[in-house]
There are 2 protein chains.
Amino acid sequence: MTLDEAKQHLIQAWGTLGSSWGVSRTMAQVHALLLVSPVPMTTEDIMEALQISRGNVNMNVRDLMDWGIVRKVLKPGERKEFFEAEKDVWKVGMQVAKERKKRELEPIIRALEQVSTIEADITDPDVKQFAETVENLKKFAVNADRTLETIIKTDENWFWGSFFKLFK
Amino acid sequence: MTLDEAKQHLIQAWGTLGSSWGVSRTMAQVHALLLVSPVPMTTEDIMEALQISRGNVNMNVRDLMDWGIVRKVLKPGERKEFFEAEKDVWKVGMQVAKERKKRELEPIIRALEQVSTIEADITDPDVKQFAETVENLKKFAVNADRTLETIIKTDENWFWGSFFKLFK
DNA sequence: CTGAACTTTCAAAATTTTTTGAAATTATTT
DNA sequence: AAATAATTTCAAAAAATTTTGAAAGTTCAG
């Protein structure tokens, strides 16, 4: 397998993985492309490498920047903008965890709290069962949130070194 | 808020959450519906509650059963099949973690391994950088896999009681 | 300022995913 | 074995998402 073939494989695999996690195939592919590029790339480079339109590149790169895992790089004397991906895999993982926590975990916790303001006859067994289910979902979500929060604040070395040892 | 309103809210919120995690809105809604139903439901009950077609209910219920978070219940003397969701939130979470690990984490690890069989001049700095990135992705994935594996084998009580304390 | 280089936007088109519903299949009862 | 009831399948339709590309906007050198 040549370097280029390997890159292509990885980009495809990353795109597929993205799809099953609610990230659009193209966004994941742009991310993978920048991740394996040894140098920052321009919009045109990305267009050419993935055979997609200018607008598409622009949107996906912007989204990746919103996720905090791709940066704009300005080269002195160059008019064009260059993009590079965060290469530190731990940082990427943490950044994604942080964003998903903010975008999805926190909203669902708020929704669960809202829903538990149900005013109803607590002696009704159906109401009781519902309240219990919601309460458990909330506990689970809050626990996950707290755990993520802690992991996010943890430094890289701790993870690579001894995360899994804690679970022995 | 009445019980029914609260249920509707939760079903909607669950559907939205599903979307951002690569689960179809309807599948998440069927799951939520069964989760808050005090009794097992038939295909027709679900059709009516969510206003969706028979085929759609059938497919999504089957998928939920594949995920191991919904069961078929047969009532003696009844011709129809009933469905109920696993109510234990911890079990649901673990089951989903287990399936996603199998369906998505393991395949990406295999893909990364494949890609690292690249035969190329290791003195080429580009090749070296690529190999390094792939190696780090693999380490991250394997670590996550191992951690998940351990959590999955952990019993419920441990999580609810002291998960987050470990991270202080 | 002006115009060229580059970036962003967004309505329409293409693609992908989901849903429908009727026909085929399977299971159960008489 | 025939009739009835329920489930499954799957091609076509609908809906949702993604992509395109050209026009509008922005930036900057001269």
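Q: Where is the place of Gln51(B) in chain B?

A: In this predicted model, Gln51(B) sits in the loop between α3 (43-50) and α4 (54-66) of chain B. Its phi is near 55 degrees, a positive value in a residue other than glycine.

Q: Why is Gln51(B) counted as exposed?

A: The relative accessibility of Gln51(B) is 66%. A residue is called exposed when this value is over 50%, and therefore Gln51(B) counts as exposed.

Q: What makes Gln51(A) exposed rather than buried?

A: Gln51(A) has a relative accessible area of 67%. The term buried requires a value under 20%, and exposed one over 50%, so Gln51(A) is exposed. This residue lies in the loop between α3 (43-50) and α4 (54-66) of chain A, and its phi is positive, about 55 degrees, although it is not a glycine.

Q: Why is the pair formed by Ser53(B) and DNA strand C called a polar contact?

A: A backbone N or O atom of Ser53(B) lies 2.7 Å from a phosphate oxygen of DNA strand C. The cut-off for a pair of N or O atoms is 3.5 Å, so the pair qualifies as a polar contact.

Q: How do you know that the side chains of Asn56(B) and Arg79(A) also make polar contacts with DNA strand C?

A: An N or O atom in the side chain of Asn56(B) is 3.1 Å from a phosphate oxygen of the strand. For Arg79(A), a side-chain N or O atom is 3.4 Å from a sugar or linking oxygen. Both distances are within 3.5 Å, and therefore both pairs count.

Q: Which residues come nearest to DNA strand C, and which helix gives the most to the surface near it?

A: Of the 18 residues around the strand, Asn58(A), Arg62(A), Glu81(A), Thr26(B) and Ser53(B) come nearest. The most is given by α4(A), with five residues. The surface divides into two nonpolar, eight polar and eight charged residues.

Q: How many salt bridges are counted between chain B and chain A?

A: The count is zero. A salt bridge needs a side-chain nitrogen of Lys or Arg within 4 Å of a carboxyl oxygen of Asp or Glu. The interface does hold four residue pairs in polar contact. On the side of chain B that touches chain A, the largest share, 15 residues, comes from α6(B). The residues of that side divide into 30 nonpolar, 15 polar and eight charged.

Technical notes
Residues numbered from 1 in each chain as written. Chains lettered and ligands numbered in written order. Predicted model: local features only at pLDDT ≥ 70, side-chain atom pairs only at ≥ 80, totals over all residues. Heavy atoms only, no water. Helix = DSSP H or I, 4+ residues; strand = E, 2+ residues; numbered from the N terminus. Buried < 20%, exposed > 50% of the residue type's maximum accessible area, 1.4 Å probe, protein only. Near = heavy atom within 4 Å. Polar contact = N/O pair within 3.5 Å; in protein donor to acceptor, adjacent residues only side chain to side chain. Nonpolar A, V, L, I, M, F, W, Y, C, P; charged D, E, K, R; others polar.
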